[in-house]
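Let us walk through this protein one feature at a time. Keep the structure open as you read.

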Amino acid sequence: MPRRYVPQGKQHPAATDANAAALRAQAMKSGDTIFAVREAEVRGAEWFVPASLAAELRREALAALAGARRERRPEHRILPENPAAKYPSERLAAEENVTNRLAEAFYRDHGVRQIERGLDLASTTAGHVVLRSAYCIRREIGECLREHPRLRGDLFLEHGAYRYRLAFDCEACEMSLVDPLEKREPEGV
């Protein structure tokens with residue numbers, strides 16, 4: 001049961017600023033809740049309020065806010081699978097990375113007829129696309145193939161002993177990293 005506090009009278013004007021600062025500091029605390037208090041306005045600072053009462057009011061307000069948030073939580077529903085939905089392709093390449101029987105059954109149920117073994121299960125990724133991204137290094141450095149670039153020829157990303165050829169699909173605005181057929185020796189070895 002919340003405590004009630006009846007103010008006994010106004011404070012001396014010199015204590016008002018200190019009281020306002022203490023009340024603001026108390027109101028700014030959010031403890032171990034999911035909330036962060038960004039701003040607190042104190043009105044009526046001329047009335048003394050014990051820190052224990054301010055803390056209790058703050059805890060009650062945060063609890064009420066958490067309760068209101070719980071009540072408004074949207075319903076989480078998992079829609080049933082539609083077996084009539086067909087996958088847009090009848091063939092999945094190794095790059096699609098189907099690596100377990102459940103994934104394979106899912107794709108087969110949705111019309112895929114040919115599924116290559118996923119790259120994560122392969123002993124090597126040589127010759128395969130290992131990453132496809134909408135991020136394009138050529139576009140980033142101002143050398144987009146659609147905009148008359150100065151850089152011609154293949155581009156590569158290198159990391160230690162690994163060197164990946166960059167492939168650009170300008171129609172889809174995608175960049176891919178292709179694992180070369182052989183590894184290079186790192187410099188200084």
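Start with two strands, S4 and S5. Strand S4 covers residues 155-159, and strand S5 covers residues 162-169. They run antiparallel, and 5 bridges join them. Keep in mind that this is a predicted model. One of the pairings is easy to find: leucine 157 has tyrosine 164 in S5 as its bridge partner.

Now look at the turn. S4 and S5 form a hairpin, with 2 residues between the strands. Here glycine 160 takes a positive phi near 60 degrees.

Positive phi also turns up elsewhere. Most residues other than glycine have a negative phi. Asparagine 97 is not a glycine, yet its phi is positive, about 60 degrees. Asparagine 97 sits in the loop between strand S1 (91-92) and helix H3 (101-109). It is partly exposed, with a relative accessible area of 27%.

Histidine 148 is another such residue. Its phi is positive too, near 55 degrees, and it is not a glycine. Find histidine 148 in the loop between helix H4 (137-140) and S4. Is histidine 148 buried or exposed? It counts as exposed, because its relative accessibility is 72%, and the cut-off for exposed is over 50%.

Next, the cysteines. A disulfide is a covalent bond between the sulfur atoms of two cysteines. How many disulfides does the count give? The count comes to 0. Cysteine 170 is in no disulfide, and the nearest cysteine sulfur, that of cysteine 144, is 5.6 Å away. A disulfide needs the two sulfur atoms within 2.5 Å. Cysteine 170 counts as partly exposed, at 26% relative accessibility.

Cysteine 173 tells a similar story. Why is there no bond here? The closest cysteine sulfur, in cysteine 136, is 6.4 Å from the sulfur of cysteine 173, so it is too far for a bond. Cysteine 173 is also partly exposed, with a relative accessible area of 36%.

Finally, turn to helix H2, which covers residues 51-71. Arginine 58 lies in this helix. Is arginine 58 buried or exposed? Its relative accessible area is 15%, so it is buried. The cut-off for buried is under 20%.

What does arginine 58 touch, leaving out residues up to four places away in sequence? It touches Gln26, Ala27 and Lys29. Take lysine 29 as an example. Along the chain, it is 29 residues apart from arginine 58. In space, the C-alpha atoms of arginine 58 and lysine 29 are separated by 8.1 Å.

Key
Residues numbered from 1 in each chain as written. Predicted model: local features only at pLDDT ≥ 70, side-chain atom pairs only at ≥ 80, totals over all residues. Heavy atoms only, no water. Pairing = 2+ DSSP bridges. Helix = DSSP H or I, 4+ residues; strand = E, 2+ residues; numbered from the N terminus. Buried < 20%, exposed > 50% of the residue type's maximum accessible area, 1.4 Å probe, protein only. Contact = heavy atoms within 4.5 Å.
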